[in-house]
Each structure stands twice: as structure tokens, then as C-alpha cells.
Amino acid sequence: MRFERREHPSRALTLLAPLGAILGALVVAGVLIAIAGANPFRAYALILNGTFGSRLGISETLTRTTPLILTGLAAAVAFRARLWNIGGEGQFYLGAIAVAALGMIPAIAAMPAPIAIALCCIAGAVAGMVLLLVPLGLRLRFGVDEVVTTLLLNFVALLFVSLMIEGAMKDPLAFGWPQSVPVPDNTLLATLIPRTRLHAGLLIAVAMAVVVWFVQARSVFGMRARAAGLNPRAAAFSGVPLGRTLIGVACLSGGLAGLAGAIEVMGVKGYVTTDLSPNYGYSGIVIAMLANLNPLGVIVAALFTAVMFVGADSMSRALSIPSYIADVTVALSLLTMLVAIFLAQYRIRR
Amino acid sequence: MSVLFDILGSVGMWEAVLRIATPLILGTLGVLLCERVGVLNLGIEGIMAFGAMIGWLTVYSGGDLWTGMLAAALGGAAFGFLHALLTVPLGLSQHVTGLGITLFASSFAYYVFRLSVPTASSPPTIDPFQPLSVPVLSDIPFLGPVLFNQTAPTYLALAFVVLIAWGLYRTPLGLAVRMAGENPHALDAQGIDPIWLRIGTIMAGSALMGMGGAFLTLSAFNSFFPTMIQGRGWICVALVVFASWRPGRALLGALLFALFDAFQLRLQTVVDGVPYQLFLMMPYVLSIVALIIMARRARVPQALMQPYRRGER
Amino acid sequence: MTRVLELSHITKRFGAVTANEDVSLHLDRGEIVALLGENGAGKTTLMSILFGHYTADEGTVSVEGQELPPGRSRAAIRAGVGMVHQHFALAPNLSVLDNVMTGTEPLWRLRSDRAAGRAKLVALSERFGLRVDPDALVSELSVGECQRVEILKALYNDARILILDEPTAVLTAQEAEGLFATLRQMTENGLSLIFISHKLHEVMSASDRVVVLRRGRVVAERRTSDTSREELAELMVGRKVERPARPPATPGRVLLSAVDLSVAGKGGASLHGVSFRLRAGETLGIIGVSGNGQTTLAGLISGLYPPTSGSLSVDGRAVTRYSVPDAIAAGIGRIPEDRNAEGTIGDMTTWENAVLERIWSPDFSARGFVRRAAARKATADILERYDVRGATVDGRIRLLSGGNMQKLILGRVLEAGPDILVAAQPSRGLDEGAIAGVHARLLEARGRGAGVLLISEDLDEVIALSDRIRAIVNGRLSPAIPAERANAQLLGLMMAGDWTAAERIEAETHDAL
């Protein structure tokens, strides 16, 4: 048996790949649910009902989607250029803590809301960038593989956040709970649907997806980043400045993950804790792959992931299935997606 | 200053070194095997989590400790097989597949754990491995308790170092493994199929990772809880680079690392005013420093991360 | 004569492509058979089937009367077939002995018998005069030594039939001569050999019998003594292909002037004090054996890195910034040595490949965004003017054949109207028809006044296209000789580093240049 590359991979197959992947993941997860003694169809019905069945469900799902779009974009732009940024989790937290730190400056609270919000977004993005530029610098200067360094820095970043919210930035009014001083009210994002948690961050995230798509598809930078990822040697021969291009990609990628953290603070919680992110950074990797690294596809993939997580919460209560089934399904969908992309590009021959 | 000497002079700290090092030794050997045969295995973090869980669960539901170890090894090998299947014959991205394995194996471990132990507020415990004193040798002052009063899996891990070093450098199979990581085409030209060799070696390496995880629940602690691996797998990946892909140096790296960890754990209790988070950051920062030192000096297996397909160069 | 090897009626298809069709071939004991054919004629596929790397769709392989099971290289090795690959199948980080011993012992043995292995290796290398240190790392060996290791590997497996795939591709003329002498000695020891080649002169001088393969079929079989170079050339190509002739040059002003250029360790080698001048309307050929610094030189002039010392001027102006955009803006057109690894990005579209190196120019981008319509239009023009077949503007370039890929590269370079053309191995791996096309384009550029720096390992190509020729040896350039005085023997001496004759000729002809 051998695999032969399809000369003209059909568009339909490529578009169907994510659907097949998700279906495959749901089937395997369904078996796991069945083994646990519940009816998988009922479980999935409950998941859908818990997410799309009510105004609260929809708003919660979209609230969950928001940071996932941004971390998904962060992974997608990096992977396009073969920059293996697995540090989205750490960049998310650093973006969040940067906003909280900025919020402690009295001048911020006195500013008009749009300016304060813009400054907070920038602060979060810059924090995320910095955390990714370190491992990129180590790769360019010392040849250190960024996969391991970005992974390790996730732990460092989380410990740093813990250090800050138990120390200099600790909220004295939080009854001893380790959480940061809340950000001032003028930095909080507007609510989109009254009496829900859904906030304007969703609009920012979707807008970012469109912007990233446009930059990737139409700009010189996007073309160079893709060239650098596909064949660095040929890109260099064609005059693509590899180092500078990768730095640009790292700024974009780290910035998006940092922005995700910033928006989560400004939109949902108002302060930082060490459980602010239920693995948003790592989920971003899955989302990017499910979207086949397409920025617009990221929106859909993020929605799927959010549905799984939000839906699994209510489903697990009803059927006493551990809610970790959502993590299992999402992780599985990454593996099935890899296989699906492969099958779309190769045919099997004997 | 005298505090430092007190810590460095205490038997307790040195005894802890081998204990802390054991999961790292097993994990590092596992990564080393996979990379020597040409495949990066970032599944380690999840495979260790799964090994920790399944080892614990086996013992918790009545199996003995060694059955637990075996279950962890088999579980690791199973995830290794999945990783190998995707990265070797299909040639999928080793980075992304490995992360997928980690996400899948760890979430699957938590799922199974919660399913088996649904409503426990504090994690249930088991009776872990007890230290095994080697007669006579453990009576040597200082060195005795440090080296010869460990639990059985620690001795096993040390035996694996010797075994793997011998296997890689002294047997025909080991030469084939090294060749598969350097130039699989050459191996194929000599009539050995690199595909199967890679799959088998990755499974063996992943079994070691699973055992490394199980050491945490069966020897170092006595219960399982999510997030207990805490990046140990990633540290192993860094240690392999530090070890320049050699088993002996992998042992040395793991020991140095554990020494530092044991030292900082004790330092935390005696030094005031320094936030504990800074101490906890040290292992990760240290791993990055190790990578920086060795990245360009190490002799990387030439075919690492290059999928092998017949007739394609 | 005993028949040691017989391939009968082999057919192999890859999808819609038929690589071999009804190929039959035999080899007798002590014989040297040359398998002659152009790139893509199916030679390597055929040998891969023989060696069990591929399974034939039809046909059988027998060794000494025994049929080999298909697709099992182990069986081929056991039957005494050894293969010496064109791209060495060696592990640079392992020792010679490790490389040779891999796969020769039962895998599950608990201890490898290295002493016995070493003794056998030393004995073989003495018997066949293939000297090499068993403990040296392969990465420390020269190309010629690597080939010896490859041959020793086959002999260590007790091969009685040896297949050599393009064995002289990376050797100097002297090394090649030595190799063929060794091979002849082997046949006297009872070995039988097949060597794959597309070089007529070595086929004529080294083989007993020639089998010519074209488009996957055997088109002719001749005793070497009964045929001629001309006949073989026509059989191989299938028609008479005339390479274009070089009209006399009319050299103009100096376009490129290098003074004492040195580069340390880029492109796999170094340059030491290289000086030369290139004039408008002339072609300077640089001949050399691979690995002597020609890649480094091409990379330097292409703007990939600066020299460590020395100076380069383009059209009288000293180059101060070494970058690809600066090189292109200064009027340097670049044809890279490796079309797939360096010249194109397989998974990008044709139009992206066509404009990437000039994407910074206002022709193709404005305010940081790509002018897609203009880029696609320019690409469509190139496809038409340079007769690039099988390509669409929006298709991925990976699917193009080597010849069409080279046409696209020539198109994107020449459309910019460069004053200087750096052509590195421009016809490597192309078939005769495509080579003639590439040569015509290079001569055309010279004819309209460009200076062409031709860097090549192919003697015939350099003699045919160049006005002056220098050899590159260990990062140093030989004196220049006019093409009229060049012949294979003189160039062979120059490539080996013996420059006495070249110095004399340069002195004699200096006024004329």
C-alpha cells in the first residue's frame, strides 16, 4: 500500500475535510459516552440544546467563542509561516495581566472609554508579542526550536501571573482570594445582549479574523510569510527577509493571543485569576488546524469548539458524564482533521 | 550561607534527587528513543498523564503495583502507536500530531479518572511503592541512603539507561535505529523497512513515557489529580537536546535537573521574602537555558522530523 | 558466458504515467553493461524494481536463474545484488564501519560483532583498492571517499552484481577514470556490473554493451565496439537535436568586476581571493567539480550574503549592500542551481512564483498590497512567450516538469531585462530538447548585450556557450582561457588544480581579451 499525492486536490474534498474530521471525532467520543452508560445521541442533543436552545445558551456560547477566535487566529497565522507558536496560553495570560496592570494607573480611569479600551487592547497585544518574540529570538539567534520554548514559557507566564495577583496586584477587597485589582469601569466592553455576558469583544474578534484574512491573502507581507513557511531557502533566494518576516508573524500571532487575554478581562471578568483561561491557548491550536489555517474558517471552528465546551457543561450535569468529554472531542477532532487533510491531498494505492 | 550548606549536606535532599529524577529519566529516555529513530514525540506530556492515571487506576481497582506499571507502559505504547501511525506511514506534521496526542491522552485520562471516581472531594489514595533498601550497600554512610534506599521503579529506570545505551551502541538493532534517524533511505537500501522500525521504536519510547508518568502516582505520590504532570514532559524534550541524544548524558541531565529542583524546594522553606512562584519558575527557565547552551552544539539526528516515503527524497 | 541477471518484460506505471514498458535486459558474468538514457527515460525506476524498492506491474527479475520475489530488497541483497546510489545512502553522523554494517547482522542479536565486521571491511578495501578509514565519520569524507564507502557496502553484502546509478555525477574526471579502472578490476574478480549514465563518453569508454532506454522502453542494444557516440546520441534522444551554435562575441564594457573576493563557509564551501571581470556581450564559463565553491560564488553575486573581504562592482559602481532586491535592482538576473529547492516554491501558484522576487517593485505591489491583476497578467505573458507548457497562472508550480520550470525561471529573469545573468547549472537534469532551449535563451541574452556568468559542471555545455573559461578549485579561480583553446583534457587539468598550461594560455591571449 502506498500514498500518492493528488495532482489536483479537489476543492470540495478540502472543504469537506473539517466536516469529516468533526464527524469522526463525534463518533469516537460517542463510543466513549456509550461506554460510560449514556446514549450518545441524547448527549449530543443535550449539547445542542444547552448551546442553541436558549438565549442564555447562545450568548454563553458566543462569549466562549470570542477568545477562541483570537487564539485560533494566533495559531493560524503562526503555523502558516511554520512558526510553531504553542505559547498561546501564556501569551493570553500575559495579555490579561497587562490590562490589569494598566488599569491600576489612575490616569486610565479618567480617560474616555474608547481611548482607555484601545490602550488596553494595545497593552495586551504588546505583552503577548513580547512573550513570543523571546522564543523567536532564541530560534533566530541560537537555533533553539520554538516549540519547546513556547510550551515551557506557558508555565513561566502563568506563574508570573500568579506572582502578580498574589503580590503587587492583589485585590485587597477579594477576601484573600488571589485575584487582581479590578480594571476601571471605563475599560469594560459594552454588552451586546442585555442581561447576558456577551460583549463587544466578539465584534473585535470577528473583525480581526477578516483583517487577518485580508492581510494574508492580499498583502506582500502575507505572501512573504507563506513563502517563508513553505520553503525558506527558496524564499530567501527570492529576497524574502526571513528574520524580519518571522518577527512580523510573531508580532501578529503573539499580539492576537495577548489581545484575547485582554478582551477576556475587559469583556467578561473585569479582573485576572489563574483560571481565567480553560486552555484557550491550546484550543487555539486545534481551531487553527480545523480551519485549515484559514482565518475565516477560524470563526466557524471556534464556534464548534465553544459549542462543545459550553454544551458539555450542561450535558454532563444531566447525564453524569464527565465534562472532560468536551476536551476529548476537541482533541480528537485535531487528530481526525490531520488525517482528513491527508486524505484530501493523497490517494491510497496498492 | 550556612543555610545553603545545611541543605547541601542533608541526606534528605540527596535522597530526593533520585526520586525527582526518576520520571524525568524515564521520559527523557522515551523521547530519546523516538528522536533517535527520527520522530519528534510531543505526545509525551499527555502520555505521562495517561500513564499516571491508568497506573493509579489499576492499583486502585485491585491490581498490584507492578501491574499498574505494566498498564502504564501498555497505555503509553498504545498512544505511541497512534502517534507513529499518523507520523510515520502517513507522514503528518510531527509537531501538530504530537500536540494532538498530548491533548487527547490527557483529556482522555481525566475523563476516565472522573468516570471511575465520580464524586471524591479529595483524591483517593493507594499504597505506593516503598523504598527498597539494598542490603549492605544502604548501610554506607550518606551514599547508602541516597543511592540504595530508593523505590524499585527508580532502580528500574537506572537499569533502562544502561540497557538503552547498550542497545543503541552495541547491538545490530540499535545501529538500525540510529540509521533510521540519520538516513532511512540507507536503511531501506540495506533491506530493513524504516517504517516498521520507527513504529516499534516509538511504541517502546512511549511505553517508557507512560511508566515515567506512573512513577508519579505509584511511587512519588499516592494519588492522581489532573495537571499533575506540570510540564515534566516538555522538560524531558528539552533534556534530550541537552543530552545531545545520548542515554548517559540524559541520565546526567535528569540528575542535574533534579538536584536543582530538590535544592530549590528546600531553599523555599528557609529563604523568606522571595515569592514561591519564582522558585517554581526555575525548572522551566533552566530547561530553556539548557536548550540555548546545547542547541547548536548537539549533533541532531539528521532525519529527525523528516517523514520517510519510498522513492521520495 | 553465464547469465547472472535477467529482467524480462518489466512494466511499471505510476498513475497515468508509464515509467517502464515491456523492458527486457540481461547481464552476463564479468560484463559491464551501460544503461543509457536521458533524465526521465526510466533508468532509475527500472533499477529500483530490480532492487525491490518498487514492485513491477508486470514482468519478472531473476538472478542466476532464480526468480526474485517482487518488492523485497532483502531478497535482492541475499541474491547478491548491490546498488550504489547516485545520492549516497549514507549517514553523515555515523562512522564508515557503522554505515557498512547496518542491516548486515540478524537484528535481534544481543551483541554486534564489530571486530569481525572491521576485519571484513579492511580485507575488502585492500582487495579492491578502495582505501578508507573504518572509524572516520562519513561527514568527514570527501565525495570520492563516500562513493568508495557505497561500493564497499555492496561488496560487504557479498554482492556479485553491482548496479551503479550515475556513478560519476559528483566525481572529477580523474576520479571517474580511477573509478572505472576499479570497476574493470572487479569484473576480473567475477563481478558483473550495470552502470546508469547519460554521458556518452563514459559509456563508450567503460562499457562492453549498451542498452538504450527512451521514454521507458528499450530502443536499442549494441555492443560498445560496434557503435559510435553519434549513433548513441541519436538513439538516446530519438531525433537529432542541434544545440544552438555560439556566434562570435563582441565584448563591450566591464559589467561585473570582482576583486579578491573571499567568503567563509556559505553555500557549503568558501571562496578565497576570487577575482574576475565579465564584459557586456560575453559569456564567462566557470567549470568545476561540485563542492568547490561555485554555489558560494553564485550565492554571493545573487545577493544572498556579503563577502568577508574583497569588493564587487556592478557596471563600475561598487556594491555596498548585498541583498537580493539590491542585486536585482542593479540588473542582475539569477538562475538558481536547484530549481525545486531554491528556484520555486512548489505549493505556491505559478504567478506567485513568477513575481515573488520582484514583489517589492511598483509593478507588482502598491502600499504593501499585491497588485494581483498585474502580477497575473505578467505571468500569463511569460507562460506564452517562453512556451511554458502544462502551467496555468493559478495552478501550483509543483506539477511542472523540470524543463518547463526552468522556462518559467528564465522567463521571470529575462523579462526584467537584466544586464548580468548568473546562470548556475542551468541545464542540470534536463533532457536534450530542453537543454537546447535553455542554451538558445542564454545566447540570446548575450546577443542583446548582457554579460553571462555561466557556472556549470558540464564540460560540453561550458565549451559550447562560453567565450572564456575559468575553473573553480577549492574556492579559487584559475586563469581564464578562450573557449577556442579549450578541450576536455585541458579543462580536466584545470579542474584538478594544475594551472600551468592555463597560465601560459592566459598570458598569450591576454591582449586579445
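Student: How many residues does the contact take from chain C, and how many from chain A?
Tutor: Keep in mind that this is a predicted model. Both chains put residues into the contact, and the counts are 22 from chain C and 17 from chain A.

Student: Which helix or strand gives the most to the side of chain C that touches chain A?
Tutor: Helix H10 (324-329), helix H11 (339-343) and strand S18 (369-370) of chain C each supply at least two residues of that side. The one that gives the most, with three residues, is H11(C).

Student: And by class, how many residues on that side are nonpolar, polar and charged?
Tutor: Let's go backwards through the classes. On the side of chain C that touches chain A, four residues are charged and six are polar. The nonpolar ones number 12.

Student: Now chain A: why is it called as compact as a globular protein of that length?
Tutor: Chain A has 14 helices and two strands. For 350 residues the globule rule gives 20 Å, and chain A comes close to that, so it counts as equally compact, with a radius of gyration of 21 Å.

Student: What share of chain A is buried?
Tutor: A residue counts as buried if 20 or more other C-beta atoms lie within 10 Å of its own. Out of the 350 residues in chain A, the buried share is 59%.

Student: Back in chain C, which residue takes a positive phi in the hairpin of S9(C) and S10(C)?
Tutor: Strands S9 (residues 209-214) and S10 (residues 217-223) of chain C run antiparallel, joined by six bridges. Their hairpin has two residues between the strands. The residue with a positive phi, near 50 degrees, is C:Arg215.

Terms used: Residues are numbered from 1 along each chain as its sequence is written. Chains are lettered from A and ligands numbered from 1 in the order in which they are written. This is a predicted model: local features need pLDDT of at least 70, side-chain atom pairs count only at pLDDT 80 or more; totals for chains, interfaces and linings use all residues. Two residues are in contact if their C-beta atoms, placed from the backbone, lie within 7 Å. Helices (H or I, at least four residues) and strands (E, at least two) are DSSP runs, numbered from the N terminus. Ala, Val, Leu, Ile, Met, Phe, Trp, Tyr, Cys and Pro count as nonpolar, Asp, Glu, Lys and Arg as charged, and the others, Gly among them, as polar. The radius of gyration is taken over C-alpha atoms; the globule rule is 2.2 Å times the number of residues to the power 0.38. A residue is buried if 20 or more other C-beta atoms lie within 10 Å of its own, exposed if 12 or fewer, and partly exposed in between; C-beta atoms are placed from the backbone. Two strands pair if DSSP finds at least two bridges between them.
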